[in-house]
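Let us walk through this structure together, one region at a time. Keep the 3D view open and turn it as you read.

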Amino acid sequence: MLIDLHIHTNFSSDGEFSPLEIYNEIRKRGVSLFSITDHNSIDGVLDLYSKVDIADKVFFIPGVEFSCKFKGEEIHLLVYNFSIDDERITYLIDKFKELKIEQAVKRVYKLKELGFKVDVEEVLKESDGKGVSGVTFLNVLKKYPANRDMLFDYLKGDKSDSPYTNFYFDFFRKGGYAYVDADLLDYIETVNLLKDEVLVIAHPGLYPKSMIKDLIIDGIKGVEVYSSYHNDKLQRELLLFAEENNLVATIGSDFHGPNIKPNVDFINFELETSKQQKIKNLLKIF
């Protein structure tokens, strides 16, 4: 059984492929269970429903990945199997868009202080209503010849193997050159609002280890144990953590496309017999 519950489409600010292209690839690879989890948007889910009658051979779960803040860290919360007309989901999406515009303006000022040529209106236009991301910024910055020298590492140098991810990590993550302490959705408020839904902590290995246990509050149903970012040792540790805290272990690649995240492909996680029961437990929460 092949499963991938963390996939981004071009309805994310940093995804490459349409929902239909994702669906066709999923069918081709023989994936049995998958979810589209675009950043702070369910437009990709709606688009797929409008174009495809999901076949019985493929179990599709609607999803969304919300960007939240908890104790000063950015935490990604996966929400699954909600009603597509749920007003709480719409409220959070609209609220996030407002926060991202505020953050984009602050990032522009930071980048200008660093010597980059960049314009707020151009950044918002590039985002095309999908939310402003690191991909948006790099696409705008590289349009200006004046920025080419400062972007050399990402366009042709040592970091050009994964330019968008490297640029985001270097400039916009906490401690980055253009980091701004902008608001995101409040983690506790978001979990409390949606606690009756299926809530899963995305790629916990990317957060401070000391913080993981504090993220397990009422409403959290699972943690993404099997991830492109987790090695075998970390997966074993997270699986034990999930079992100790009565959480479901989920599986997700965080696929965006080969240009955005070239080292992240769909997870082809073929279940060993010993893991069959764990996946039966996973399916029970949907």
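What follows is a tour of a helix pair, a buried side chain, several salt bridges and a surface patch. Please keep in mind that the model is predicted.

A good place to begin is with two helices, α5 (residues 134-141) and α7 (residues 163-171), which pack with their axes 9 Å apart. How are they oriented to each other? The angle between them is about 105 degrees, and α5 and α7 therefore count as roughly perpendicular, a label given to angles from 65 to 115 degrees. On the α5 side, the contact is made by Gly-134, Val-135, Phe-137, Leu-138, Asn-139 and Leu-141. Helix α7 contributes Pro-163, Tyr-164, Phe-167 and Tyr-168.

Stay with α7 for a moment and look at which of its residues are buried: they are Pro-163, Tyr-164, Thr-165, Phe-167, Asp-170 and Phe-171. What covers them? The cover includes α3 and α5, along with α6 (152-155).

Helix α3 is our next stop, and Ile-89 is the residue to find there. Is Ile-89 buried or exposed? With a relative accessible area of 0%, Ile-89 is buried, because the cut-off for that label is under 20%. Setting aside residues up to four places away in sequence, Ile-89 touches Ile-42, Phe-66, Val-79, Phe-82 and Leu-194. Take Leu-194 from that list: Leu-194 and Ile-89 are 105 residues apart along the chain, yet 8.4 Å separates their C-alpha atoms.

Now let us turn to charged side chains. Side chains of opposite charge can pair when their charged atoms come close. How many salt bridges does the structure hold? There are 16, and three of them make useful examples here.

One of these pairs sits within helix α1 (residues 19-29), where Arg-29 and Glu-25 are four residues apart, about one turn of the helix. Their side chains meet in a salt bridge at 2.7 Å, N to O. Arg-29 is partly exposed, at 27% relative accessibility.

Another salt bridge joins Asp-86 and Arg-88, with 2.7 Å between the closest N and O atoms. The two partners fall under separate labels: Asp-86 is buried, with a relative accessible area of 12%, whereas Arg-88 is partly exposed at 22%.

For a pair that reaches between loops, find Lys-195 and Asp-218, whose side chains meet in a salt bridge at 3.0 Å, N to O. Lys-195 lies in the loop between α8 (187-193) and β6 (198-201), and Asp-218 in the loop between β6 and β7 (220-227), so this pair ties together parts that are 23 residues apart in sequence. Lys-195 counts as partly exposed at 34% relative accessibility, while Asp-218 counts as exposed at 57%. Elsewhere, salt bridges that share partners join Glu-25, Lys-28, Arg-29 and Asp-265 into one network.

Finally, look at the surface, where Leu-46, Tyr-49 and Ile-84 form a nonpolar patch. Together these residues have about 240 Å² of accessible area. Where does Ile-84 lie? Its place is in the loop between β4 (73-80) and α3 (87-113). Ile-84 has a relative accessible area of 37% and is therefore partly exposed. Compare that with Ile-89, the buried residue of α3 that we visited earlier, at 0%.

Definitions and conventions. Residues are numbered from 1 along each chain as its sequence is written. This is a predicted model: local features need pLDDT of at least 70, side-chain atom pairs count only at pLDDT 80 or more; totals for chains, interfaces and linings use all residues. Side-chain values use heavy atoms; hydrogens and water are left out. Patches are made of residues with over 30% relative accessible area and no salt bridge: like charges are joined within 9 Å, nonpolar side chains (Val, Leu, Ile, Met, Phe, Trp, Tyr) within 5 Å. Accessible areas come from the Shrake-Rupley method with a 1.4 Å probe; for residues, only the protein chains shown count as cover. A salt bridge is a side-chain nitrogen of Lys or Arg within 4 Å of a carboxyl oxygen of Asp or Glu. Buried means under 20% relative accessible area, exposed over 50%, partly exposed in between (1.4 Å probe, protein chains only). Axes are lines fitted to C-alpha atoms, for helices over the stretch in contact, and angles run from 0 to 180 degrees between N-to-C directions. Angles under 35 degrees count as roughly parallel, over 145 as roughly antiparallel, 65 to 115 as roughly perpendicular and the rest as oblique. Contact means heavy atoms within 4.5 Å.
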